[in-house]
Amino acid sequence: MEKSTSEFRIHLNGESVATKTSTLDALLVEKGYADAKVATAVNGTFVPARNRAAKALSDGDHIEVVSARQGG
Amino acid sequence: MNALDKRPAPAPSRFAAYGTELPSRLLLGTAQYPSPQIMAEAVAASQAGIVTVSLRREQARGRTGERFLELIRDLKARILPNTAGCRTAKEAITTAQMARELLDTDWIKLEVIANDDTLQPDLFGLVEAAEILSRDGFKVFPYTTEDLGAADRLIAAGCEILMPWGAPIGSGRGLANPYGLKTMRAYFPGVPLVIDAGVGAPSHAAAAMEMGYDAILLNTAVAKAGDPVRMAAAFAAAIDAGRTAFEAGLMEPRDMAQPSTPVAGTPFFDLPPRSS
């Protein structure tokens with residue numbers, strides 16, 4: 001089960017948001033990305049999908065959640 | 001021997017990248033089209049075997065990426081994700097890793113951008129990222145310049161293809177430095193070379209192909225055309241014409257005129273010219 005922690009703030013795709021979740025996996029569920037086809041990075045480092053459950057979050061972390069878009 | 005004296009080695013009529021043979025010498029971007037439908041029709045008309053995509057932030061509860069991916073997968077073209085907008089090797093490496101997981105491909109169009117005005121490559125960051133990504137198993141398609149030193153470093157890093165710019169991204173100015181691009185072609189006769197960026201008209205693409213370039217990557221010139229679908233077809237025809245001309249062998253330019261019609265047997269040849 002997800003361990004409950006006190007609320008802290010992170011930067012999610014550039015926006016400062018509050019969360020009580022302690023792992024990246026739980027954060028994605030909390031923020032509505034549960035089934036989305038996305039890739040993730042924390043503080044500029046890639047976090048593979050298989051590692052999200054073990055990836056602990058800390059106050060002030062910068063989290064990127066991306067998907068495919070038009071590109072040249 | 002002077003590098004400029006070397007002719008490019010005979011190339012197969014099919015373009016191959018990292019051992020994968022492709023149906024076309026055109027690589028097409030997927031951005032800036034009037035609509036997704038027109039983008040899909042333009043890709044079909046271009047016959048492009050590779051389409052480029054980017055990674056961007058996904059909104060919470062958003063499904064934009066999934067819908068876009070469904071559209072792209074229906075195109076039946078190979079996906080080449082880019083690292084557009086990355087300003088450091090670190091950003092580009094992380095983006096490439098996210099793209100590999102998301103799109104299930106080890107191909108990456110590597111861009112490390114030096115400044116916002118010219119969007120020219122940061123060659124130092126590019127080489128650094130190419131070394132790390134190649135070691136990590138990526139097949140790197142580096143967006144570079146005609147700089148031969150950087151090109152040598154990219155090849156040493158593991159790149160089996162180079163993508164020099166024609167002109168700044170989105171400028172449509174064509175081949176800004178034809179001499180430099182000819183030099184690069186002559187210097188790397190066996191390396192697949194793709195003109196990436198700056199191509200604005202089919203004639204630019206044909207000119208690059210006549211030089212012996214292997215393929216063209218473009219986006220804006222098709223997406224921002226009055227009729228993107230017809231322009232995609234025009235580029236396909238120009239690239240095919242340019243490649244065929246290169247393989248056929250272009251004549252050497254001459255400094256002076258030389259009659260194309262035989263001189264022998266010309267009527268009045270032995271009479272003095274008369275003014276009236």
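## Salt bridges, a helix and an interface

Visitor: Which exposure class fits B:Asp136, with a relative accessible area of 33%?

Guide: Buried means under 20% relative accessible area, exposed over 50%, with partly exposed in between (1.4 Å probe, protein chains only). At 33%, B:Asp136 is therefore partly exposed.

Visitor: What kind of model is this?

Guide: Residues are numbered from 1 along each chain as its sequence is written, chains are lettered from A and ligands numbered from 1 in the order in which they are written, and side-chain values use heavy atoms, with hydrogens and water left out. Local features need pLDDT of at least 70, side-chain atom pairs count only at pLDDT 80 or more, totals for chains, interfaces and linings use all residues, and the model is predicted.

Visitor: Which residue forms a salt bridge with B:Asp136?

Guide: A salt bridge is a side-chain nitrogen of Lys or Arg within 4 Å of a carboxyl oxygen of Asp or Glu. Here the closest N and O atoms are 2.9 Å apart. B:Asp136 lies in the loop between helix H4 (123–135) and strand S7 (139–144) of chain B, and its partner, 36 residues apart, lies in helix H3 (residues 89–103) of chain B. That partner is B:Arg100.

Visitor: Why does the salt bridge of A:Arg69 and B:Glu58 join two chains?

Guide: Helices (H or I, at least four residues) and strands (E, at least two) are DSSP runs, numbered from the N terminus. The two side chains meet at 2.8 Å, N to O. A:Arg69 lies in strand S5 (residues 62–70) of chain A, and B:Glu58 in the loop between strand S4 (50–57) and helix H2 (64–73) of chain B, so the pair joins two chains. Both are buried: A:Arg69 and B:Glu58.

Visitor: How many salt bridges lie across the interface of chain B and chain A?

Guide: Over all chains, the structure holds 14 salt bridges. Across the interface of chain B and chain A, the count is three.

Visitor: What is the area buried between chain B and chain A?

Guide: Contact means heavy atoms within 4.5 Å, and 31 residues of chain B are in contact with 27 residues of chain A. Buried area is the accessible area (1.4 Å probe) that two parts lose on being put together, summed over both. Carbon and sulfur atoms give 54% of this one, which is about 2500 Å².

Visitor: What is the distance between the end C-alpha atoms of helix H9 (residues 228–248) of chain B?

Guide: The expected span is 1.5 Å times one less than the number of residues. For the 21 residues of H9(B) that should give 30 Å, and the model agrees: the ends are apart by 30 Å.

Visitor: Which elements do the buried residues of H9(B) pack against?

Guide: The buried residues of H9(B) include B:Phe235, B:Ile239, B:Arg243 and B:Phe246. They pack against strand S3 (26–29), helix H1 (36–46), helix H7 (202–210), strand S10 (215–218) and helix H8 (220–223) of chain B.

Visitor: Which residue's backbone oxygen does the side chain of B:Thr30 reach?

Guide: B:Thr30 sits in the loop between S3 and H1 of chain B, buried at a relative accessible area of 2%. Leaving aside neighbours within four places in sequence, B:Thr30 is in contact with A:Arg69, A:Gln70 and A:Gly71, among others. Its side chain reaches, at 2.8 Å, the backbone oxygen of B:Thr52.

Key:
Polar contact = N/O pair within 3.5 Å; in protein donor to acceptor, adjacent residues only side chain to side chain.
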